Amino acid sequence: MAQDGYRKPLPTPSPESKRYWDGCHNHELWIPFCRNCQKFYFYPRDFCPACFGWDIEWRKASGRGRVYTYAIQHRAWHPGWQDEVPYVTALVQLEEGPRLYTNLIGVDPDPAHVHCDMPVEVTFEDITEDVSLPKFRPV
Ligand SMILES: [Zn+2]
């Protein structure tokens, strides 16, 4: 479902990140996996950032993770967020290992309600007909 009047920057999928954004569009979290290291990594690249190998594949992530760290944003750094402050940005450590920068939703933007190591799960916000953004909410 597209939202009219969306005023924030939209992602521009690159050839390397297209699989990730296609997954988000289908409300699935897909992340790259290195067959050599037997580990996931993020952000999307055509080669593994640990071994620099090109033997990678995409795998569907569980969508579960924990808050590694977070910040409560009280200033709108872009006019698109003017009506949303305060809101919570977070680095979520996925169950599979990599960390993903995202927004926490469904939680009061208050340190009394947000904490590190809090279990979270992905949810997708449909922005346009083509773009859905992964956000996380408390489990
Ligand atoms: Zn590797």
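What radius of gyration would a compact globule with 139 residues have, and what does the chain have? A compact globule of that length would come out near 14 Å, and the chain has 16 Å, which agrees. Before going on, I should say that this is a predicted model.

Let me start with the overall picture. Along the principal axes, the C-alpha atoms occupy a box of roughly 45 × 35 × 25 Å. There is one helix, and there are eight strands. The order from the N terminus is α-β-β-β-β-β-β-β-β, with the helix ahead of the strands. Of the 139 residues in the chain, 18% are buried. If you take the contacts with a separation of 6 or more, 52% of them are between residues 24 or more positions apart.

Now the N-terminal end. Gly5 sits in the segment before helix 1. Is Gly5 buried or exposed? Gly5 has 5 C-beta neighbours inside 10 Å, so it counts as exposed. Its C-alpha atom is 10.0 Å from that of Ile127, although the two residues are 122 apart along the chain.

Helix 1 comes next, and it covers residues 18-25. Which of its residues are buried? They are Tyr20, Trp21 and Cys24. Viewed down the helix axis, these buried residues fall within an arc of 90°, which means that they line one face of helix 1. As for what lies over them, the cover includes strand 1, strand 7 and strand 8, the last being residues 132-138. Just after the helix, His27 has a positive phi of about 60°.

On to the sheet. Three strands form an open sheet in the order 2-1-3, and the pairing is antiparallel. Strand 2, residues 39-40, and strand 3, residues 56-60, are the edge strands, each pairing on one side only. Strand 1 is residues 30-34, and five bridges join it to strand 3, the two running antiparallel. To find one of these on the screen, look at Trp30, whose bridge partner in strand 3 is Lys60.

The loop between strand 2 and strand 3 has two backbone features that I would point out. Tyr43 is in that loop, and the peptide bond leading to it from Phe42 is cis, with omega near 15°. Phe52 is found in the loop between strand 2 and strand 3 as well. Phe52 is not a glycine, yet it has a positive phi of about 65°. It has 10 other C-beta atoms within 10 Å, and is therefore exposed.

There is another cis peptide bond to show, from Val85 to Pro86, with omega near -10°. Pro86 lies in the loop between strand 4 and strand 5.

That brings us to strand 5, residues 87-94, and strand 6, residues 99-104. These run antiparallel, and six bridges join them. Within this pair, Val88 stands opposite Leu104 of strand 6. The hairpin they make has four residues between the strands, and Gly97 there takes a positive phi near 120°.

What are the residues with the most contacts inside the largest nonpolar core? They are Val67, Tyr70, Ala90, Val92, Leu104, Val120 and Phe136, and the core as a whole has 14 residues. Two or more residues come from each of strand 4 (64-73), strand 5, strand 6 and strand 7 (119-126). Strand 5 contributes the most, with four residues. As a general point, nonpolar side chains in soluble globular proteins tend to be buried together.

I will stay on Phe136 for a moment. Leaving out residues up to four places away in sequence, Phe136 touches Gly65, Ala90, Val92, Thr102, Leu104, Val120, Glu121 and Val122. Among those, Ala90, Val92, Leu104 and Val120 were also on the list of core residues with the most contacts.

One last residue, Asp117. It is found in the loop between strand 6 and strand 7. Like Phe52, it is not a glycine, and Asp117 has a positive phi of about 75°. Is Asp117 buried or exposed? With 9 C-beta neighbours inside 10 Å, it counts as exposed.

Key
Residues are numbered from 1 along each chain as its sequence is written. This is a predicted model: local features need pLDDT of at least 70, side-chain atom pairs count only at pLDDT 80 or more; totals for chains, interfaces and linings use all residues. Two strands pair if DSSP finds at least two bridges between them. A nonpolar core is a set of buried Ala, Val, Leu, Ile, Met, Phe, Trp, Tyr and Cys residues joined through C-beta atoms within 7 Å. A residue is buried if 20 or more other C-beta atoms lie within 10 Å of its own, exposed if 12 or fewer, and partly exposed in between; C-beta atoms are placed from the backbone. Two residues are in contact if their C-beta atoms, placed from the backbone, lie within 7 Å. The arc is that of the directions from the helix axis to the C-beta atoms. The radius of gyration is taken over C-alpha atoms; the globule rule is 2.2 Å times the number of residues to the power 0.38.
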